[in-house]
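Biologist: I'm new to reading structures, and I'd love a close look at one part of this one. Could you walk me through a place where two helices meet, and the charged side chains around it?

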Amino acid sequence: MRVMVTGASGQLGKCLQDVLAGSGHEVIAVGHKELDITDRAAVDRFVDVKKPDIIINAAAYTAVDRAEEEAELAFKVNAQAVGNLADASNAAGAILIHVSTDYVFDGSSRTPYKETDSVNPMGTYGESKLAGEREAGRAQRHIIVRTAWVFSEYGNNFLKTMVKLGRERESLSIVDDQIGTPTYAGDLASALVSLGLDQSANGVYHFSGGDPCSWYEFASAIFATCAEISNEFAEPAIFAIPSSEYPTPARRPEYSVLDGSFLATRAGIMAVNWRVCLKDVCTKVLAELDVSKA
């Protein structure tokens, strides 16, 4: 199989390359410098030449707050570009796998969201991602995977920010009234590859790391894990605060837990609990910070 990965320099893109390394599949990994996916003609030419069997779109505009001021750019990357990939995948006879988000829901539920639940994004980011889902749906064969709270040893994410701040500060205040399911990007990458190789997979699926928690609880687990790994890491004091005390330009869903049971039943693909992945990821992040500090 010839697998094309967009967003190759991002955390999911890097994890996809890790998963695909040594798999025997030919990997065509491209970042923005190699291919501007918002340029329809460029996408058509690239896909026509490379002729991938699978296109995994890991590229996205993810600046949730900035999207409120940069709506045009958010829709260009999260929707228009997906349409370009959908059309190119149709021309090449390729499968399009597109990654979406829990932000397509408004967070008013108190039970995990199923694929069939009504969508109602609250902000520009969620709206642009929902528009991207609709564009991906134009591909004759498409797989849309909604995920949430993605973290890894790569890129910029909540875990890496917490580890860095935990080493610098004696105390932190963390929101405790937003509930979700952290998802390790490496685990997500494995799921995406497995779905791409499943000739019968099609449509929308949910995949996230199980064991719902608040940002406060996630941060607490991160700090405890870092302290277990390193004697030099002193856990900061952390204080739980409501979202009202940490206002942001874009509203976040209060509850965005995704129900992954359909994917588990349909394809036997289940997310690893995020707590299982935590020690390995924190070890890598601490090592990276030590190297950069040296």
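Modeller: Happy to! Let's start with helices α2 and α3, whose axes lie 9 Å apart and pack at an angle of about 30 degrees. Angles under 35 degrees count as roughly parallel, and α2 and α3 are therefore roughly parallel to each other. If you look at how they pass, the crossing of α2 over α3 is right-handed. On the α2 side, Arg40, Val43, Asp44 and Val47 make the contact, and on the α3 side the partners are Asn84, Leu85, Asp87, Ala88 and Ala92. Sorted by class, this contact of α2 with α3 has five nonpolar residues, one polar residue and three charged ones. Please keep in mind that this is a predicted model.

Now pick out two residues of that contact, Arg40 and Asp44. Their side chains meet in a salt bridge, with 3.9 Å from N to O. A salt bridge is counted here when the nitrogen and the carboxyl oxygen are within 4 Å, so this pair qualifies at 3.9 Å. Why can these two residues be partners along the helix? Asp44 and Arg40 are four residues apart in helix α2, which covers residues 40–50, so about one helical turn separates them. Are they buried or exposed? Asp44 counts as partly exposed at 31% relative accessibility, and Arg40 is also partly exposed, with a relative accessible area of 42%.

This salt bridge belongs to a wider set: Arg40, Asp44, Asp87, Glu135 and Arg138 are linked in a network of salt bridges. Asp87 is worth finding on your screen, as it is one of the α3 residues in the helix contact.

For a wider view, the structure holds 18 salt bridges. Among them is the one between Arg252 and Asp65, whose closest N and O atoms are 2.5 Å apart. Arg252 lies in the loop between β12 and α8, and Asp65 in the loop between β3 and α3, so the pair ties together parts that are 187 residues apart in sequence. Arg252 is partly exposed, with a relative accessible area of 23%, and Asp65 counts as partly exposed at 23% as well.

Another one joins Glu288 and Lys160, with 3.5 Å between the closest N and O atoms. Glu288 sits in helix α9 and Lys160 in helix α5, so this pair links distant parts of the chain, 128 residues apart. Here Glu288 is partly exposed at 39% relative accessibility, while Lys160 is buried, with a relative accessible area of 16%.

Notes:
Residues numbered from 1 in each chain as written. Predicted model: local features only at pLDDT ≥ 70, side-chain atom pairs only at ≥ 80, totals over all residues. Heavy atoms only, no water. Buried < 20%, exposed > 50% of the residue type's maximum accessible area, 1.4 Å probe, protein only. Axes fitted to C-alpha atoms, helices over the stretch in contact; angles between N-to-C directions. Parallel < 35°, antiparallel > 145°, perpendicular 65-115°, else oblique. Left-handed = near helix turned anticlockwise from the far one by under 90°. Contact = heavy atoms within 4.5 Å. Nonpolar A, V, L, I, M, F, W, Y, C, P; charged D, E, K, R; others polar.
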